[in-house]
Amino acid sequence: MTDQVVYDLQDDRWLTNRNQLTPTRKKVVLTFDDGPGRHLIRILDILAEREAPAMFFWLTRTFYEARPWERVIDEGHIIGSHSHKHQNLCKLTREQQYKQIKTSVKQLEAVTGETIRHFRPPFGQFNEETMDILEELSLLPVMWEISSYDWQLKEQPEKINDNVVSPIKDGSIILLHELPQTAAVLPDIIDEVRKKGFDFIV
């Protein structure tokens, strides 16, 4: 199963493991894409109960001031950009890419008052124009090392747990989504990761 869930990105300009920033031992990073959505509060409740910080990569087409963004920040989580409309950046012109990324960052900062420092591209797709834009906007490019494949496992949520826990190692960045099946197994994921001697960091 490990070969299926580890994201083998060779471009070291992208952060796929937390240890690329600073050496950590027995620490991993939970990340959630495609929010903010209707399962966010449930996910935040679980993270709070288990004292586990996470990163949230949000689309600004679903983001507005009434979302519980203050709680996300107050509880020690990080908000990053996932673009505005979740379009494949490789299919856009440079101008269109810039608009997708800049619009997202600007809207997130306008509401939260926080500086947005992290970006993850929709579908994990990027090109050199993407990299130029991220450098121009001073955004840290973040991917993942372990994919949960949670979006494919609505009927088999127990496999999400296996996909995350089996290949975990120091610094692993884990890809999850704000989905009901993910929320359902999140307590088990956190517990099983800790049973293997790891804890969570952002």
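# A walk through the model, starting at H2

The buried residues of H2 are covered by, among others, E1, E2, helix H3 (69-74), strand E7 (173-177) and helix H7 (180-195). Before you click on anything, keep in mind that this is a predicted model.

**Stop 1: helix H2.** Select residues 40-49, which make up H2, and pick out its buried residues: Leu40, Ile43, Leu44, Ile46 and Leu47. Turn the view until you look down the axis of H2; the buried residues fall within an arc of 160°, so they line one face of the helix. Now go just past the helix to glutamate 51, which follows H2 and has a positive phi, near 50°.

**Stop 2: phenylalanine 56.** Select this residue and show what surrounds it. Leaving aside residues up to four places away in sequence, phenylalanine 56 touches Phe32, Leu40, Ile43, Leu44, Leu47, Val72, His77, Ile78, Ile79, Gly80 and Glu178. Is phenylalanine 56 buried or exposed? It is buried, because its relative accessible area is 0% and buried means anything under 20%.

**Stop 3: the aromatic pairs.** The structure holds five aromatic pairs. Phenylalanine 56 is in one of them: with phenylalanine 32 it forms a stacked pair, 5.2 Å centre to centre and 15° between the planes. This pair links distant parts of the chain, with phenylalanine 32 in strand E1 (residues 27-35) and phenylalanine 56 in strand E2 (residues 55-58), 24 residues apart. For another pair, jump to tyrosine 149 and tryptophan 151, which are tilted, at 5.2 Å centre to centre and 35° between the planes. Tyrosine 149 is partly exposed, with a relative accessible area of 27%, and tryptophan 151 is partly exposed too, at 41%. Back at phenylalanine 32, the relative accessible area is 0%, so that ring is buried. Add Trp58 and Phe63 to your selection, and you have the cluster that ring pairs make with Phe32 and Phe56.

**Stop 4: the core.** Zoom out a little. In soluble globular proteins, nonpolar side chains tend to be buried together. Here the largest nonpolar core has 56 residues, and those with the most contacts inside it are Leu30, Phe32, Leu47, Phe56, Trp58, Leu176 and Val193. Which helix gives the most to this core? Helix H7 does, with six residues.

**Stop 5: a lysine over a ring.** Select lysine 26 and phenylalanine 198. Lysine 26 lies over the face of phenylalanine 198, at 4.2 Å from the ring centre.

**Stop 6: serine 81.** Next, go to strand E3 (residues 78-81), where you will find serine 81. Its relative accessibility is 0%, so serine 81 counts as buried. What does the side chain of serine 81 make a polar contact with? Its partner is the side chain of serine 104, at 2.8 Å. Not counting residues up to four places away in sequence, serine 81 also has contacts that include Phe57, Trp58, Ile101, Leu108, His118 and Arg120.

**Stop 7: helix H5.** Select residues 128-136, which form H5 and include glutamate 128. At the start of H5, a side-chain oxygen of asparagine 127 reaches to within 3.1 Å of the backbone nitrogen of glutamate 129. Colour the buried residues of H5, which are Thr130, Met131, Ile133 and Leu134. These residues cover an arc of only 165° around the axis, which puts them on the same side of H5. Among the elements covering them are helix H4 (94-112), strand E4 (118-119) and strand E5 (140-141). Just after H5, look for serine 138, which takes a positive phi of about 55°.

**Stop 8: glutamate 128.** Stay with H5 for one more residue. Glutamate 128 is partly exposed, at 47% relative accessibility. Show its side chain together with that of arginine 13, and you will see a polar contact of 2.7 Å joining the two. Arginine 194 is another matter: its C-alpha atom is separated from that of glutamate 128 by 38 Å, and the two residues are 66 apart along the chain.

**Last stop: glutamate 145.** Finish in the loop between E5 and strand E6 (146-147), where glutamate 145 lies. With a relative accessible area of 10%, glutamate 145 is buried. Select asparagine 17 as well: a polar contact of 3.2 Å joins its side chain to that of glutamate 145.

Terms used. Residues numbered from 1 in each chain as written. Predicted model: local features only at pLDDT ≥ 70, side-chain atom pairs only at ≥ 80, totals over all residues. Heavy atoms only, no water. Helix = DSSP H or I, 4+ residues; strand = E, 2+ residues; numbered from the N terminus. Buried < 20%, exposed > 50% of the residue type's maximum accessible area, 1.4 Å probe, protein only. Polar contact = N/O pair within 3.5 Å; in protein donor to acceptor, adjacent residues only side chain to side chain. Phe/Tyr/Trp six-rings, centres within 6.5 Å; stacked < 30°, edge-to-face > 60°. Lys NZ or Arg CZ within 6 Å of the ring centre and 35° of its normal. Contact = heavy atoms within 4.5 Å. Arc of directions from axis to C-beta. Core = buried A, V, L, I, M, F, W, Y, C linked by side-chain atoms within 4.5 Å.
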